[in-house]
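Here are a few exercises to work through with the model open on your screen. Try each task before you read its solution.

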Amino acid sequence: MSEEISKLQEIVNGAHSIVFFGGAGVSTESGIPDFRSVDGLYNQKYDYPPEEILSHTFFVRKPEEFYKFYRDKILMVDAKEEPKPNAAHLKLAELEKAGKLSAVVTQNIDGLHQAAGSKTVYELHGSIHRNYCTSCHKFFDVDYMRKADGVPRCDECGSIVKPDVVLYEEGLDDETIDGAVRAIRNADVLIIGGTSLVVYPAAGFVNYFRGSHLVLINKGETAQDKNADLCIHDSIGKVLGSITV
Ligand SMILES: [Zn+2]
C-alpha cells in the first residue's frame, strides 16, 4: 500500500460524514467517453460541436440532429454492452451503506452510482434515466429512449420526449443544488474525484466545504491541488478500490 493510500485510509477511518464529488473521470473508467474531451468530438461525424448540439436551442430547432448525437454518444445505443459501475462506484456505495458517506454529488448523467447501490445521489446535470413528454409530462425510462427510432415521441400525446438532462443554456435544478450544498457544508471529509475542477459548477461547490479533510483524486493536476490535504494523481477506481470500509 502506498503512502498516499494509507493516508486516505486513515482519513476514511476517522470520517463520519464523507461527501464524494465526482466528475467525468469517474464515468470514463466505466468506458463512457467524455464528450467534451478533445478527441471525443472534433474527429467525429457531426457537423456541429457537441456544446452546440447539446444546447436547449439546438434541441428545439433540430431534434433529429440532437437525437442522432444523443443516442450515439450519450445513450451509446450501438455499444456492445451497457456500461457497468466500476470500483469507485462500488466502494462509494459500500461507504454509504456502512454509514460513513452521506452523499454523492455528481456531474455525470449515467446513473452508475445508483446502479452500484448508492441511495443519496445529487445529479447536478440530471440523468438519462428520467425522460418526460414535453407536453403532458408523462415519464419514460431509458429503455424507451433507446428503443425509439429517431426522435422519441410520447405514446399518449405524440409530443417529443426530452431527457431530464441539463442542456447548455439551461439552469441546474434548485433542489438538487440545495441538497448538494447542504451535504458538502455538513461533511467532515470531501473527496473530489475525476475532475480537474476548472469548470463551473464544480469549482464553486468546493467553497462550501468547512470540514477537516479535502481529498483530491484525479489523473491530472487540478485547480485545487494546493488547497488539498491529500492529493492523489491516479485512477479513481484504483484508489477508491483499494480502500477498506
Ligand atoms: Zn405526452
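**Exercise 1.** Which residue forms a salt bridge with Lys-84?

Solution. Keep in mind that this is a predicted model. Start at Lys-84 and look for a carboxyl oxygen within 4 Å of its side-chain nitrogen. Glu-81 is the partner, with the closest N and O atoms 3.3 Å apart. Next, count across the interface of domain 1 and domain 2: the rule finds one salt bridge there. Polar contacts between the two domains come to one residue pair, both at pLDDT 80 or more. As for the residues on the side of domain 1 that touches domain 2, two are nonpolar, two are polar and one is charged.

**Exercise 2.** Work out how the chain is split and how much area the two domains bury between them.

Solution. First, mark the pieces: domain 1 takes 3-32, 84-125 and 171-241, while domain 2 takes 41-81 and 131-165. Then place the C-alpha centres, which sit 28 Å apart. Five residues from each domain make up the contact. Now for the area: the domains bury about 320 Å² between them, with 67% of that on carbon and sulfur atoms. On the domain 1 side, Ile-32, Ile-109 and His-125 lose the most area to domain 2, together 76% of what that side buries.

**Exercise 3.** Find the protein donors of the zinc ion and say why their arrangement is tetrahedral.

Solution. Begin with the SG atoms of Cys-133, Cys-136, Cys-154 and Cys-157, which lie 2.3 to 2.4 Å from the zinc ion. Along the chain, these donors follow the spacing C-x2-C-x17-C-x2-C. Finally, check the angles: the four donor atoms subtend 96 to 123° around the zinc ion, so the arrangement is tetrahedral.

Note on methods: Residues numbered from 1 in each chain as written. Predicted model: local features only at pLDDT ≥ 70, side-chain atom pairs only at ≥ 80, totals over all residues. Heavy atoms only, no water. Domains from an automatic or database assignment. Contact = heavy atoms within 4.5 Å. Buried area = accessible area lost by both parts, 1.4 Å probe. Polar contact = N/O pair within 3.5 Å; in protein donor to acceptor, adjacent residues only side chain to side chain. Nonpolar A, V, L, I, M, F, W, Y, C, P; charged D, E, K, R; others polar. Donors = N, O, S within 2.8 Å, 3.2 Å for Na, K, Ca; no water. Tetrahedral: all angles 85-135°; square planar, octahedral: opposite > 155°, others 65-115°.
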